[in-house]
Amino acid sequence: MEQMSLFDNREQTTPLASRVRPVSLEEFVGQEHLLGPGKMLRQLIERDQISSMIFWGPPGVGKTTLASIIAGRTKADFINFSAVTSGIKEIREVMNQAENSRRMGIRTVLFVDEIHRFNKAQQDAFLPYVEKGSIILIGATTENPSFEINGALLSRCKVFVLKALEEKDLVKLLKQALKHPSGFGKQQVRITEDQLTAIAAFANGDARTALNTLEMAVLNGEISPEGITVTDEGLAQCISRKSLLYDKTGEEHYNLISALHKSMRNSDPDAAIYWMCRMLEGGENPLYIARRLIRFASEDVGMADSNALQVAVAAYQACHFLGMPECDVHLTHAVTYLAMAPKSNALYTACEECKRDVRNHRAEPVPLWLRNAPTKLMKELDYGRGYQYAHDTGEKLTNMECLPESLRGREYYHPTGEGAEAAVSEKLEQVKAWKREHRGET
């Protein structure tokens with residue numbers, strides 16, 4: 001005879017998040033900007049007037065749940081389709097089925113989870129059926145649709161952005177699960193408000209993570225005749241390490257590096273250190289961060305503090321020598337230095353402006369006086385004739401023109417008055433004034 005336990009129930013073999021999944025808009029938690037009273041998506045669902053749409057948001061915010069709510073309310077055939085397990089053959093079979101239903105006056109709503117996993121050819125297979133109304137497509141994705149969904153298909157879909165749930169929303173969801181008959185409503189579970197808040201904070205906006213953590217905490221609670229008590233010690237083991245949302249090849253990767261750059265540019269070392277640590281905790285390669293710091297040192301600090309480039313390069317070398325976790329302090333050193341350094345983007349703007357001229361002007365030959373003449377023929381062709389050697393002058397300057405004729409007088413570098421660049425600005429103005437004088441310019 002098998003030993004029975006408190007949790008011997010067929011229902012309990014299904015994860016809590018699936019057992020307590022909301023089946024109506026009234027039970028749904030969060031996304032008030034889309035589903036609050038009078039909001040567009042709520043009205044479309046309530047009136048059963050949905051059109052093709054994309055749900056875009058991080059994991060665990062209700063994309064699939066919304067699709068299931070629509071499935072329960074719509075008068076159309078509802079087909080659940082997975083981009084992970086389906087290919088072109090399956091797509092065509094479903095499309096043919098939907099086309100036959102359309103001819104009989106029946107709508108088909110096709111929900112595609114993780115639609116970003118489909119390649120271009122697979123996404124293109126939906127397009128003609130969306131265009132003629134054979135299907136109403138609802139796609140769910142964690143990736144930016146602008147990058148992952150074909151433009152033609154995306155233009156025919158309304159994109160709804162779902163946000164990470166707030167802690168108060170997650171606490172509300174957890175309390176619902178504790179009372180839900182398919183959750184822990186049939187059991188006496190003792191858990192404090194502080195413990196629920198701790199789970200919500202750990203979940204980082206992800207409802208699935210919150211419910212899975214609650215389930216783990218209850219399953220590992222202390223059992224007594226009065227019920228199950230979740231202890232602080234048991235909960236601590238369930239939330240010992242937060243799983244940060246970070247995809248090293250996805251949009252969040254670029255969002256975080258953007259936040260790091262802009263925090264340093266705004267001379268905010270605290271925010272810069274925070275975003276850097278977020279990247280490291282998410283598993284980012286420290287050498288990638290160090291490379292971005294090297295770029296920043298010249299792009300945003302430049303001549304205002306040329307030591308910034310040396311600090312950034314040294315941080316890269318330290319990361320290469322030590323690796324994680326030891327090199328985190330070296331990255332912190334460099335991030336803080338760059339955030340506090342005087343800022344100048346003069347080098348960046350000079351480079352960008354010059355590149356535009358290089359692209360937009362014809363490639364003029366190098367002036368003869370700037371060419372070397374290592375052979376007799378080159379000398380006979382006047383290579384090097386008229387060259388002025390600056391070291392032969394007392395000022396170490398000549399009035400020789402070094403730009404091509406069509407760009408004569410063009411200026412790219414405009415130093416600022418920040419940090420050490422103030423002295424550079426003064427020096428450059430003196431050089432320009434001397435050249436104007438000796439060229440007879442006013």
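Reply: Before we start, a disulfide here is a pair of cysteine sulfur atoms within 2.5 Å. The model is a predicted one.

Me: OK. How many disulfides does a search of the whole structure find?

Reply: The search of the whole structure finds 0.

Me: Where is the closest cysteine sulfur to that of C402?

Reply: It is in C354, 14 Å from the sulfur of C402. The cut-off is 2.5 Å, so that distance is too far for a bond.

Me: And is C402 buried, exposed or partly exposed?

Reply: C402 is partly exposed, because its relative accessible area is 47%, and exposed would need over 50%.

Me: Same thing for C157, buried or exposed?

Reply: C157 has a relative accessible area of 10%. Buried means under 20%, so C157 is buried.

Me: Switching to the sheet. What is the strand order?

Reply: The order is β2-β3-β4-β1-β5, an open sheet of 5 strands with parallel pairing. The edge strands are β2, residues 77–82, and β5, residues 158–161, and each of them pairs on one side only. From one strand to the next, the twist averages 15 degrees.

Me: How many bridges join β1 to β5?

Reply: There are 4 bridges between β5 and β1, which covers residues 53–56, and the two strands run parallel. One residue to look at is F55, whose bridge partner in β5 is F160.

Me: F160 again, then. Which charged end sits over its ring?

Reply: That of K158, at 5.8 Å from the centre of the F160 ring.

Me: What about R371, which ring does its charged end sit over?

Reply: The ring of Y383, with the charged end of R371 at 4.8 Å from the ring centre.

Me: Back to the sheet for a second. Which strands does helix α4 lie across?

Reply: Helix α4, residues 63–73, lies across β1, β2, β3 (108–113) and β4 (136–141). The helix runs at about 145 degrees to β1.

Me: Last topic, aromatics. How many aromatic pairs does the count come to?

Reply: The count comes to 3 aromatic pairs. One of them is Y274 with W275, whose ring centres are 4.9 Å apart.

Me: Why is the pair of Y274 and W275 edge-to-face?

Reply: The planes of the two rings are at 70 degrees, and planes over 60 degrees apart count as edge-to-face, so the Y274 and W275 pair is put in that class.

Me: And how accessible are Y274 and W275?

Reply: Y274 counts as partly exposed at 44% relative accessibility. W275 is also partly exposed, with a relative accessible area of 24%.

Notes: Residues are numbered from 1 along each chain as its sequence is written. This is a predicted model: local features need pLDDT of at least 70, side-chain atom pairs count only at pLDDT 80 or more; totals for chains, interfaces and linings use all residues. Side-chain values use heavy atoms; hydrogens and water are left out. Buried means under 20% relative accessible area, exposed over 50%, partly exposed in between (1.4 Å probe, protein chains only). Rings of Phe, Tyr and Trp (its six-membered ring) pair if their centres lie within 6.5 Å; planes under 30 degrees apart count as stacked, over 60 as edge-to-face and the rest as tilted. A charge sits over a ring if NZ of Lys or CZ of Arg is within 6 Å of the ring centre and within 35 degrees of the ring normal. Two strands pair if DSSP finds at least two bridges between them. Axes are lines fitted to C-alpha atoms, for helices over the stretch in contact, and angles run from 0 to 180 degrees between N-to-C directions. Contact means heavy atoms within 4.5 Å.
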